[in-house]
2 protein chains.
Amino acid sequence: MQHTIGILGGMGPAATADMLSKFVHFRHVGQDQQHIPIIACSIPDIPDRSACLLSGGPSPYDYLERYLHMLESAGAECIVIPCNTAHYWFDRLQHSAHVEMINILDATLAELPHHSQTIGLLATDATLATGLYQRRLVQQGKTLYVPEESHQREVMQAIYAYKAGDLLLSQTLLFPQIEALIERGVDTLIMGCTEIPLIINTEVARFNCAFIDSTAALVRAAIRWYEEKNGETASVERPELLGVE
Amino acid sequence: MQHTIGILGGMGPAATADMLSKFVHFRHVGQDQQHIPIIACSIPDIPDRSACLLSGGPSPYDYLERYLHMLESAGAECIVIPCNTAHYWFDRLQHSAHVEMINILDATLAELPHHSQTIGLLATDATLATGLYQRRLVQQGKTLYVPEESHQREVMQAIYAYKAGDLLLSQTLLFPQIEALIERGVDTLIMGCTEIPLIINTEVARFNCAFIDSTAALVRAAIRWYEEKNGETASVERPELLGVE
């Protein structure tokens with residue numbers, strides 16, 4: 001049995017490539033054949049998730065369902081979606097799926113250290129509006145900060161600037177918003193949009209807080225799924241926390 | 001029409017992720033939806049290509065054909081293979097395929113500048129043994145150097161070290177072999193194995209020669225295929241030559 005993982009991606013394509021790369025780099029094996037079998041669907045015609053949820057744009061759901069079933073037909077036995085905002089439709093997709101799925105919020109929140117008390121959240125307007133992360137963090141008794149309204153506009157512009165290929169602009173827009181959250185007392189920042197780790201990139205050390213990368217968390221959860229299916233010893237139990245703890 | 005591109009990868013998985021990333025970075029567009037639709041198959045159980053061609057190991061062909069047809073069934077209209085050695089089976093695969101395929105050797109050699117006269121080739125033992133590149137370079141009237149036998153052993157060890165996750169060892173093994181080729185008069189180096197650009201990585205500027213990246217060349221050729229199918233203006237006509245010219 002292959003136990004192939006399917007990546008339902010394209011939201012955006014850079015985050016999908018980042019996820020595929022993380023599957024390779026997090027899996028410490030000696031040769032090609034020991035890597036995890038993956039089929040990645042990066043068909044980016046899926047309508048904008050934020051535009052749908054916030055301003056009544058066309059729904060991405062039918063596209064997500066179609067590519068989900070395409071991955072199933074191709075042999076995927078477990079589906080992961082490298083897009084936090086798309087998880088608004090996760091339960092409905094899971095209901096339609098014939099194979100397992102792993103939720104990016106479950107994977108990300110499982111990596112939150114117990115000692116982290118004051119959490120910051122970097123995400124799209126739509127992820128914030130749907131309250132996906134907020135509800136669960138408050139249930140866990142954590143204090144949660146999201147960027148103030150004017151700062152969140154810059155976060156959103158940073159995400160779209162990155163999607164448009166302008167890394168420098170996206171960093172210029174995003175970094176002051178991270179500093180502002182740290183000044184408010186945030187000790188741990190959730191990168192709750194899969195473009196955010198690509199924007200912060202190698203600059204993680206310049207900020208005085210710990211980061212949780214939602215793409216990386218989902219990859220680690222998927223590797224654990226694969227190892228369990230294959231009776232392998234778990235290799236990625238401990239999250240690799242980024243930045244200072 | 002989507003005009004989806006299928007990546008028949010997994011040889012190795014890091015090269016497949018590199019190709020997907022290059023499809024994003026070479027396509028200068030403003031939003032997710034304008035990126036190229038891609039399905040990437042990175043199922044790495046394909047038997048080792050070099051072991052098959054050089055020491056009678058199991059053939060990768062049946063695996064290649066199976067994943068090719070899987071990509072076709074999933075909707076791919078053009079197939080690319082980010083592995084030079086696997087192109088030994090390219091003609092046979094093309095005969096079996098129902099969709100278009102782009103050859104990595106065609107794409108790579110098309111990027112060779114006219115003024116390049118003395119070419120070096122970094123590739124697997126098997127790619128060298130099959131003479132895929134050598135025949136065509138000599139037909140073009142170019143002088144070709146491959147590493148001397150003892151040096152080629154180090155090149156091959158570098159490729160397997162990278163596949164095993166040891167970037168530093170792979171660079172330590174490979175870099176002196178590049179210097180040796182430059183000392184013999186090479187002005188342009190073909191990275192004729194898709195792990196080689198990952199090993200050289202950001203260190204390209206330390207060598208006094210031009211580089212041609214076979215993965216990048218194949219991605220540019222595939223982007224041109226897509227643009228032509230969609231009636232778009234060609235955006236990647238000129239190769240981006242790496243290093244000094």
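**Close-up 1. B:Glu100 and its partner B:Lys229.** In this predicted model, B:Glu100 counts as partly exposed, at 38% relative accessibility. B:Lys229 is partly exposed too, with a relative accessible area of 41%. The two side chains form a salt bridge, and their closest N and O atoms are 3.4 Å apart. Look at where each one sits: B:Lys229 belongs to helix α11 of chain B and B:Glu100 to strand β4 of chain B, so far along the chain that 129 residues separate them.

**Close-up 2. The sheet that runs through both chains.** Here eight strands line up as an open sheet, in the order β4(A)-β3(A)-β1(A)-β2(A)-β2(B)-β1(B)-β3(B)-β4(B), with mixed pairing. At the edges are β4 (100-102) of chain A and β4 (100-102) of chain B, each of which pairs on one side only. On average, neighbouring strands are turned by 20° against each other, direction ignored. Zoom in on chain A and you'll find strand β1 (residues 4-8) running parallel to strand β2 (residues 38-42), with four bridges joining them. One residue to pick out is A:Leu8, whose bridge partner in β2(A) is A:Cys41.

**Close-up 3. Helices packed on the sheet.** In chain A, helix α1 (residues 13-25) packs on the sheet and touches β1, β2 and β3 (76-80) of that chain. The direction of α1 makes about 160° with that of β1(A). In chain B, helix α11 (residues 214-229) packs on the sheet as well, touching β1 (5-8), β3 (78-80) and β4. Its direction makes about 145° with that of β4(B).

**Close-up 4. Where chain B meets chain A.** The contact takes 38 residues from each of the chains, B and A. Together they bury about 2700 Å², 56% of it on carbon and sulfur atoms. B:Asp32, B:Gln33 and B:Pro44 supply 21% of the area that chain B buries against chain A, more than any other three residues. Four salt bridges are counted between the two chains. In one salt bridge, the side chain of B:Asp32 meets that of A:Arg49 at 2.9 Å, N to O.

**Close-up 5. Two salt bridges inside chain A.** A:Asp213 forms a salt bridge with A:Lys22, and their closest N and O atoms are 2.6 Å apart. A:Asp213 is in strand β8 (residues 210-213) and A:Lys22 in helix α1, 191 residues apart. Both A:Asp213 and A:Lys22 are buried. The other pair is A:Lys163 with A:Glu195, at 3.1 Å between the closest N and O atoms. A:Lys163 lies in helix α8 (residues 149-163) and A:Glu195 in the loop between β7 (188-191) and α10 (196-200), so this salt bridge ties together parts 32 residues apart in sequence. A:Lys163 is buried, with a relative accessible area of 12%, and A:Glu195 is buried too, with 3%.

**Close-up 6. Helix α9 and strand β8 of chain B.** Helix α9 (residues 167-183) has 17 residues and reaches 24 Å from its first C-alpha to its last. Its buried residues include B:Leu173, B:Leu174, B:Phe175 and B:Ile178. Among the elements covering the buried residues of α9(B) are α8 (149-163), β7 (188-191) and β8 (210-213) of chain B. After the helix comes B:Gly185, with a positive phi near 110°. Strand β8(B) is covered on both faces: B:Ala210 and B:Ile212 are buried on one side, B:Phe211 and B:Asp213 on the other. β7(B) and β8(B) pair in the parallel sense over four bridges, and B:Met191 stands opposite B:Asp213.

Key:
Residues are numbered from 1 along each chain as its sequence is written. Chains are lettered from A and ligands numbered from 1 in the order in which they are written. This is a predicted model: local features need pLDDT of at least 70, side-chain atom pairs count only at pLDDT 80 or more; totals for chains, interfaces and linings use all residues. Side-chain values use heavy atoms; hydrogens and water are left out. Helices (H or I, at least four residues) and strands (E, at least two) are DSSP runs, numbered from the N terminus. The expected span of a helix is 1.5 Å times one less than its number of residues. Buried means under 20% relative accessible area, exposed over 50%, partly exposed in between (1.4 Å probe, protein chains only). Contact means heavy atoms within 4.5 Å. Two strands pair if DSSP finds at least two bridges between them. Axes are lines fitted to C-alpha atoms, for helices over the stretch in contact, and angles run from 0 to 180 degrees between N-to-C directions. Buried area is the accessible area (1.4 Å probe) that two parts lose on being put together, summed over both.
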